[in-house]
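User: Can you walk me through this one? I'd like to start with charged side chains.

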Amino acid sequence: KGKCPEDGWDESTIELFLHELAIMDSNNFLGNCGVGEREGRVASGLVARRHYRLIHGIGRSGDISAVQPKAAGSSLLNKLTNSVVLDVIKLAGVRTVSSCFVVPMATGMSLTLCFLTLRHKRPKAKYIIWPRIDQKSCFKSMITAGFEPVVIENVLEGDELRTDLKAVEAKIKALGAENILCVHSTTSCFAPRVPDRLEELAVICANYDIPHIVNNAYGVQSSKCMHLIQQGARVGRIDAFVQSLDKNFMVPVGGAIIAGFNESFIQEISKMYPGRASASPSLDVLITLLSLGTSGYKKLLKERKEMFSYLSSELKKLADNHNERLLDTPHNPISLAMSLKNLDETNDAAVTQLGSMLFTRQVSGARVVPCGSVQTVNNYTFKGFMSHANDYPCAYLNAASAIGIKKQDVDVFLKRLDKCLKTFRKEAKQEKSINEISDSNTATEQLED
C-alpha cells in the first residue's frame, strides 16, 4: 500500500525484504555482463554488505525521482521510501501534504535546492525575506543559492522573540514583490525565539503572490510545528517545507525531506537535483520506519512531549534554587531557556565557561548564550549572535526535549548543571570575602595614616 506499517517489522524480515530488492538490481544478476562506466562494482565486500548490495543509488542523471532500468530494486526502494515518509508526515500533522521526496543532503543544502528551483520561476528576484534565526546553515543556504538575505529582526514579547509581521510587509512594499524570491520562515528553533507566525506569513505571501519556503528542520517531532504548517497552507501559501532526517527519525546525518502541497512544484525541485544520488539516507529512514511502524513512531512522539513537560518543570525548580528563572516561552514546543543573569553579572567569561564545564562533563546539546556576542557570516554582521536579537535582556542556557530523549538524560543533565552552578556560587562567595578583607585592610591603613 506504500504506507508505513502499523506494527514494526523484526530485523530479519527487514533484511529479507532488502535482499529481495537488491537481487532486482543488475549488478547482482548472476549472468550480468557490464561494459559501461557505472556498473555497480564494489571493491570491498564490507562496503557491499553495509549497503545491502544496493549500489546504484537513486534517480537518473536528469531526475532524482526517476526510475533506473538497470536498478529496479533501488528504484523501488526510492519510491517506497518517499511514499512511507509521506504517510508519516501526514500522521505527524500535515494531513493535506501531497508530495515529498528524500534528498541525500542535510537541511541547508536542501533549502538551497528549493531556492534554485524558484529562480527559474522568478528570474527578476534577488532578495529573500528572512525573519532572523541565528543558525548559520539556513542563512548560508540563501547565500549559496546566489540571493541576498533581507534580515527581519524579531520583536520581543515578554521573554519570547516573535515574527515582526509589520516589518515583513513593509520590506515587501519597499523592495517590490517581483524582486523577492520568497519568504524563508522557520518553525523549530532555540528558545527564546519561537516558531514564526506561519499563518500570518502564509497570508501575506498569498496576498503579494510571493513563494513561501519553510525551514522545518526538527519540526516533524512537534505536533505544534506541524499544525502551524498545516494551518499556513490552509489559509495562505506554503510552497515547500524542509525537514532533517537525523533530527526527526534518529538516523545518521546526511538526508532531508522536501515536502509540499503542489505535486508539480515538488517534482520540479527533484528534477533540479543534478545527477543520481546516494541511496543511503533513503535506506536508513526506510529501515527505521519499518522497524518502528506507526505505533512505534507515535510512541516516540508521545514520550518526547512528556519529557518536554518534565524537563520544563525540573529546570524551573533548578532555576529557582539558583535565583534564576525559566524564561516564559510557551510558543516553543521543543526548546527551553534558563536565564544566567547572576552568572553574567559576576564575571563576563563565566557564561561561556559554564558551557565548557558542561561539555567536559559529557553534557552535549546544551547551549550557553552570552550577551553582546558579535559574529560575521558571509559579510553580514550579527549583533547578539546566537540570541536571535541585537540586544536580548539576559544571558541564558538552552536545553531541548528532542525525539529519543530519556528521563535519565534529563536527570543527569540537571544534576551536572546544578553542580556547575554551585561551583560558580562558591567561587563568587570566596572572591567576595577576599574583596571584603582587602577593603577592610585598606580602610585600616587609611585610618592609621
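User: Is D159 buried or exposed?
Analyst: Keep in mind that this is a predicted model. D159 has a relative accessible area of 12%. The cut-off for buried is under 20%, so D159 is buried.

User: What does the D159 side chain meet in a salt bridge?
Analyst: It meets the side chain of R325. The N to O distance is 2.7 Å.

User: Where do the two sit along the chain?
Analyst: In distant parts, 166 residues apart. D159 is in the loop between strand 4 (155-157) and strand 5 (160-162). R325 is in the loop between helix 11 (280-321) and strand 10 (335-339).

User: And how accessible is R325?
Analyst: R325 has a relative accessible area of 41%. That makes R325 partly exposed.

User: Why would side chains pair up like that?
Analyst: Opposite charges can pair when the charged atoms come close.

User: How many salt bridges are there in the whole structure?
Analyst: A search finds 14. One of them joins D320 and K316, at 3.4 Å from N to O.

User: Where are D320 and K316?
Analyst: Both lie in helix 11. They are four residues apart, which is about one turn of the helix.

User: Are those two buried or partly exposed?
Analyst: D320 is partly exposed, at 45% relative accessibility. K316 is partly exposed too, at 43%.

User: What about R193, which residue does it bridge to?
Analyst: R193 forms a salt bridge with D196. Their closest N and O atoms are 2.9 Å apart. R193 and D196 are both buried.

User: Which residues are linked in a network of salt bridges?
Analyst: R132, D134 and E153 are linked that way.

User: New topic: helix 8. How many residues does it have?
Analyst: Helix 8 has 13, residues 223-235. From first C-alpha to last, helix 8 reaches 18 Å. That is close to the 18 Å expected at 1.5 Å a residue.

User: Which of its residues are buried?
Analyst: C225, M226, L228, I229, Q230, Q231 and G232.

User: What do they pack against?
Analyst: Two helices and two strands: helix 3 (72-92), helix 7 (198-208), strand 7 (212-215) and strand 8 (240-244).

User: Now the outside. Which residues form a nonpolar patch on the surface?
Analyst: I23, M24 and L76 do. Together they have about 260 Å² of accessible area.

User: Where is I23, and is it buried or exposed?
Analyst: I23 is in the loop between helix 1 (11-22) and helix 2 (45-50). I23 is exposed, because its relative accessible area is 56% and the cut-off is over 50%.

How values were computed. Residues are numbered from 1 along each chain as its sequence is written. This is a predicted model: local features need pLDDT of at least 70, side-chain atom pairs count only at pLDDT 80 or more; totals for chains, interfaces and linings use all residues. Side-chain values use heavy atoms; hydrogens and water are left out. The expected span of a helix is 1.5 Å times one less than its number of residues. Buried means under 20% relative accessible area, exposed over 50%, partly exposed in between (1.4 Å probe, protein chains only). Contact means heavy atoms within 4.5 Å. Patches are made of residues with over 30% relative accessible area and no salt bridge: like charges are joined within 9 Å, nonpolar side chains (Val, Leu, Ile, Met, Phe, Trp, Tyr) within 5 Å. Accessible areas come from the Shrake-Rupley method with a 1.4 Å probe; for residues, only the protein chains shown count as cover. A salt bridge is a side-chain nitrogen of Lys or Arg within 4 Å of a carboxyl oxygen of Asp or Glu.
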